[in-house]
Amino acid sequence: MGVTTAMEWLSSCSGCEIAILNIGEELVPLLTEHLEVVHAPVIMDHKYFGQCGDEGGHLQIPEAVVGIVTGGVSNEEHVEVLQEMRRKCKVLIALGSCATHGGIPALMNGQDGARSFAEVYRTSSTDPGVSLPDQGVPALLDRTYALDEKITVDLMLPGCPPNPAHIAEAITALLENREPELPTKSVCDTCPTRREGKGGMHKVRRFIENVQFDPAKPVSDMRCLLEQGFMCMGPVTAAGCAKYGAPSCIEARVPCRGCFGPVLPKGNQMLDMMNALASNGIDCNSVVDRRSLLRFSGAHGKLRPLRQAVTGRTDNG
Amino acid sequence: MAKVLQIQPVTRIEGHARISVHLNDSGNVENAYMSLMSLRGFEKFIEGRPAEEVPRIVSRICGICPWMHHTAGNKAVDGCFGVTPTPTGAKLRELLQVMAHINDKILHFFFLAAPDFVLGPDSDYSVRNVIGVVKAAPELAGRVVKMRQLGQMMIERFAGKAIHPVAAVTGGFSKPLPEAERRQMLKDSRTLLDFSLFALDFARNNVFNKYLEVIAELGAITTGFLGTVDREDGSLRLFDGKQRLMKPDGSCTDFEGDDYLDYLGEHVEPWGYGKMPYAKSWNEGFSLDLDDPRGIYRANTLARVNVCDKMGTPKAQEALEAFRSDFGRPAQATLLYHYARLIELVYACERTIELLEWDSITDTDVRAKVTPGAGRGVGVVEAPRGTLIHDYTTDADGCIESANLIVGTTHNIGPMNMSVKQAAAALIKDGVYDQGILNKVEMAVRAYDP
Ligand code: SF4
Ligand code: SF4
Ligand code: SF4
């Protein structure tokens with residue numbers, strides 16, 4: 001019998017679960033021999049209130065050695081499920097940037113949530129006169145939280161999605177009772193692009209034209225995208241996405257947007273990026289919508305609603 | 001005594017849902033609901049973002065079909081900025097979007113749905129899952145895992161990311177397809193086509209023929225259908241075309257995606273976060289009444305194969321003809337979604353090959369010139385779960401002013417509720433139910449692949 005494992009997803013998109021399936025060849029022995037999955041809504045049928053749904057009371061998840069939770073915490077049911085996972089699992093892993101830093105759904109933390117959620121039900125195709133559903137659906141929290149704002153997390157595996165190799169390494173290390181070997185550097189540290197030093201650049205450009213590169217040549221032949229004048233968040237983002245020798249987006253010849261979260265444990269991707277730009281003589285005002293540099297790490301109170309100035313919106317970060 | 005059965009979470013689906021079955025004093029079904037339990041607010045929090053960034057944000061709506069949101073978002077931004085992608089840029093988007101369909105269908109049929117059929121709907125919950133399938137049919141499972149991985153790698157090697165892609169960009173694509181990679185992809189997609197034909201055969205012999213009775217009855221309802229077809233010849237399209245709305249009697253209205261507001265509305269009930277799209281243009285209102293549904297149509301695989309005049313690729317067309325001679329047009333049985341899914345799998349593989357064989361697919365002119373500005377754009381693609389609509393308006397800086405999204409899955413929330421009620425009422429009598437029966441109620445949902 002394998003090591004008992006429970007999985008749950010909160011405010012998530014299922015991409016993290018697909019990342020688990022993308023482990024590849026190792027997946028089959030992992031699922032059939034090394035682990036014994038006791039609860040995982042995406043692949044198995046264990047239910048919270050008994051298999052016939054008639055046991056009532058408090059939602060139940062079986063005990064497990066390993067617990068994997070994806071997604072951030074944005075409604076009351078998420079809190080309940082997360083607390084039950086913490087109670088029942090010995091080792092709890094926060095998988096994916098939503099779970100570790102809030103992820104994309106935490107972009108809502110930059111707005112007045114109550115008002116915005118109500119407005120979702122007032123779009124052009126929605127029937128007039130309807131309001132936010134409120135019968136038997138879990139009430140929304142004031143904002144989206146990362147897991148460690150609500151419970152103690154034993155291991156964080158960021159990434160949107162996380163790298164399947166790291167998921168496999170984390171689980172294998174647990175089974176072998178050793179520390180997992182996970183990346184600690186920045187995306188730039190894993191990037192093979194050519195750096196020529198400061199290019200007399202004063203502004204960053206929006207990504208509305210393709211970067212300069214020779215498609216017949218490898219990424220190592222392409223000049224660093226930041227040096228080409230594009231906003232690239234490699235300097236302030238945790239490494240981990242490189243699978244074929246270059247960070248994933250750089251492989252696609254597209255600049256990094258920071259989906260593995262901050263490289264420093266408590267780092268602020270927006271402020272750190274602004275500092276990095278300023279110290280290279282680049283005008284921070286050339287960054288359009290700088291708050292969206294926190295698009296993957298808006299939990300932990302980093303992204304807050306804008307103050308409404310008398311004259312309208314202010315965008316002072 | 002009256003009571004409510006809470007089937008929660010609904011499992012082996014791709015989102016968060018709960019089924020509640022309300023039993024009356026004599027233990028018969030009074031009502032049943034399937035509610036969506038989560039709300040994230042994408043329409044609101046993309047406001048203010050530079051529009052060209054949005055296609056790599058909205059991908060996070062769904063980690064299983066991120067390419068659909070990514071490409072629909074890009075089309076909408078093109079519209080806002082008034083740019084037409086270069087021909088090769090547009091074809092590369094389609095190529096990746098269609099390849100993503102391949103993986104999705106393999107995933108759904110074999111990983112999520114197959115346990116009910118391979119192990120049986122009444123088997124114990126602890127084995128009725130993909131792990132159980134691996135143990136019961138290791139050879140098949142090994143092949144499936146390999147094929148899914150192959151499909152995923154094809155995308156990832158070229159486009160950097162398979163989940164939450166970044167390579168489709170306003171005006172086209174971020175990089176051209178090198179000849180060597182084209183050749184490798186072509187080889188891999190032929191392998192996938194072989195597998196898709198095997199999958200269709202396997203399912204015909206081991207699932208559809210074996211469970212004919214269940215298929216005819218479980219969750220059966222009568223509705224209209226919505227899909228996308230080629231503007232000229234009416235063949236099935238996944239990436240672009242005109243929308244086709246079919247009434248339950250088979251009569252059709254075609255319209256352009258830009259005009260969706262004239263045809264579709266979204267109804268909201270207080271018991272679930274999901275909005276329920278309906279056919280506003282039928283002028284009959286909205287009702288989930290099983291005997292007299294109003295405005296209800298379905299989307300996703302069965303809908304697409306029902307509304308199209310033909311499949312547009314040879315092997316898929318053969319499969320459609322066999323399907324139609326057995327089940328007619330429109331086919332209504334809910335479990336036929338699985339069958340239609342495998343016909344589309346064959347189509348997606350054939351279409352991938354067609355696109356890779358297109359002369360200009362390796363051209364280097366992949367992105368048109370883009371100037372951010374004010375405008376409106378509606379981007380429509382067929383996602384695995386249904387017609388996906390992204391509608392954005394931008395301000396003078398090219399930042400999002402407002403957005404409206406109709407996500408594929410949501411078209412079927414109303415119909416899923418009807419199927420759940422139909423299945424529960426047919427299966428639960430006089431207070432008698434067990435986990436196998438309740439799993440069958442879930443199977444009526446699973447067919448829709450929500
Ligand atoms: S981290 Fe990314 S892949 Fe994982 S659930 Fe969040 S959005 Fe999806
Ligand atoms: S800034 Fe971007 S392109 Fe430059 S080294 Fe860092 S990750 Fe690579
Ligand atoms: S390059 Fe940046 S945005 Fe892209 S996958 Fe890596 S960490 Fe995420």
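**Figure 1. Where chain B meets chain A.** In this predicted model, 72 residues of chain A are in contact with 80 residues of chain B. On the chain B side, the elements that each give two or more residues include strand 1 (3–7), helix 1 (42–45), helix 4 (130–136) and helix 5 (138–159). Strand 9 (264–267), strand 14 (400–406) and helix 14 (435–446) of chain B also belong to that list. If you would like one element to start from, pick helix 5 of chain B, which gives the largest share of this side, 6 residues. Sorted by class, the side of chain B that touches chain A has 36 nonpolar, 23 polar and 21 charged residues.

**Figure 2. Ligand 1 and its surroundings.** This view stays with the two chains, since ligand 1 lies between chains A and B. Its shell has 15 residues, and those that come nearest are A:C13, A:G15, A:G96, A:C98 and A:C160. Two helices of chain A, helix 1 (15–21) and helix 4 (97–101), each supply at least two residues of this shell. The class count around ligand 1 is 6 nonpolar, 8 polar and 1 charged residues.

**Figure 3. The two domains of chain A.** Chain A is assigned a domain 1 that covers 3–175 and a domain 2 that covers 184–310. Their C-alpha centres lie 28 Å apart. Where the two touch, domain 1 of chain A brings 22 residues and domain 2 of chain A brings 18 residues. On the domain 1 side, helix 4 and strand 6 (140–145) of chain A are the elements that give two or more residues. Helix 4 of chain A accounts for the largest share of that side, with 3 residues. Viewers of the previous figure have met this helix already: helix 4 of chain A also supplies at least two residues of the shell around ligand 1. The side of domain 1 that touches domain 2 has 7 nonpolar, 13 polar and 2 charged residues.

**Figure 4. The largest nonpolar core.** This core has 246 residues, and A:V69, B:I343 and B:V420 are the ones with the most contacts inside it. Helix 3 of chain B (residues 87–118) gives the most to the core, 16 residues. The core lies between domain 1 (3–175) and domain 2 (184–310) of chain A, because both of these domains give residues to it. For a closer look, try B:V420: setting aside neighbours within four places in sequence, B:V420 is in contact with B:I19, B:A32, B:M34, B:V441, B:A444 and B:V445.

**Figure 5. Ligand 2 and its shell.** There are 13 residues around ligand 2. Those that come nearest are A:C188, A:C191, A:C224, A:C232 and A:G234. By class, the shell around ligand 2 has 11 nonpolar and 2 polar residues, with no charged residues.

**Figure 6. Ligand 3 and its shell.** Here the surrounding residues include A:V187, A:T237, A:C241, A:P247, A:S248 and A:C249. Also around ligand 3 are A:I250, A:C256, A:R257, A:G258, A:C259 and A:F260. The shell of ligand 3 has 8 nonpolar, 3 polar and 1 charged residues.

**Figure 7. An open sheet in chain B.** Follow the 4 strands of this open sheet in the order 8-7-6-11, and note that the pairing is mixed. Strand 8 and strand 11 (297–298) of chain B stand at the edges with a single partner strand each, so one side of each is left without a neighbour in the sheet.

**Figure 8. Strand 7 of chain B and its partners.** Strand 7 (residues 242–246) of chain B is mostly covered, with 4 of its 5 residues buried. With strand 6 (residues 224–229) of chain B, strand 7 pairs in the antiparallel sense over 5 bridges; here B:L226 has B:L245 as its bridge partner. Strand 8 (residues 252–255) of chain B also runs antiparallel to strand 7, and 4 bridges join the two. Across this pair, B:R244 is the bridge partner of B:D254, and B:Q243 stands opposite B:F255. Strands 7 and 8 of chain B form a hairpin with 5 residues between them. Look in the turn for B:G250, which has a positive phi of about 95 degrees.

Terms used:
Residues are numbered from 1 along each chain as its sequence is written. Chains are lettered from A and ligands numbered from 1 in the order in which they are written. This is a predicted model: local features need pLDDT of at least 70, side-chain atom pairs count only at pLDDT 80 or more; totals for chains, interfaces and linings use all residues. A residue is near a molecule or strand if its C-beta atom, placed from the backbone, lies within 6 Å of it. Ala, Val, Leu, Ile, Met, Phe, Trp, Tyr, Cys and Pro count as nonpolar, Asp, Glu, Lys and Arg as charged, and the others, Gly among them, as polar. Domain bounds come from an automatic or database domain assignment. Two residues are in contact if their C-beta atoms, placed from the backbone, lie within 7 Å. A nonpolar core is a set of buried Ala, Val, Leu, Ile, Met, Phe, Trp, Tyr and Cys residues joined through C-beta atoms within 7 Å. A residue is buried if 20 or more other C-beta atoms lie within 10 Å of its own, exposed if 12 or fewer, and partly exposed in between; C-beta atoms are placed from the backbone. Two strands pair if DSSP finds at least two bridges between them.
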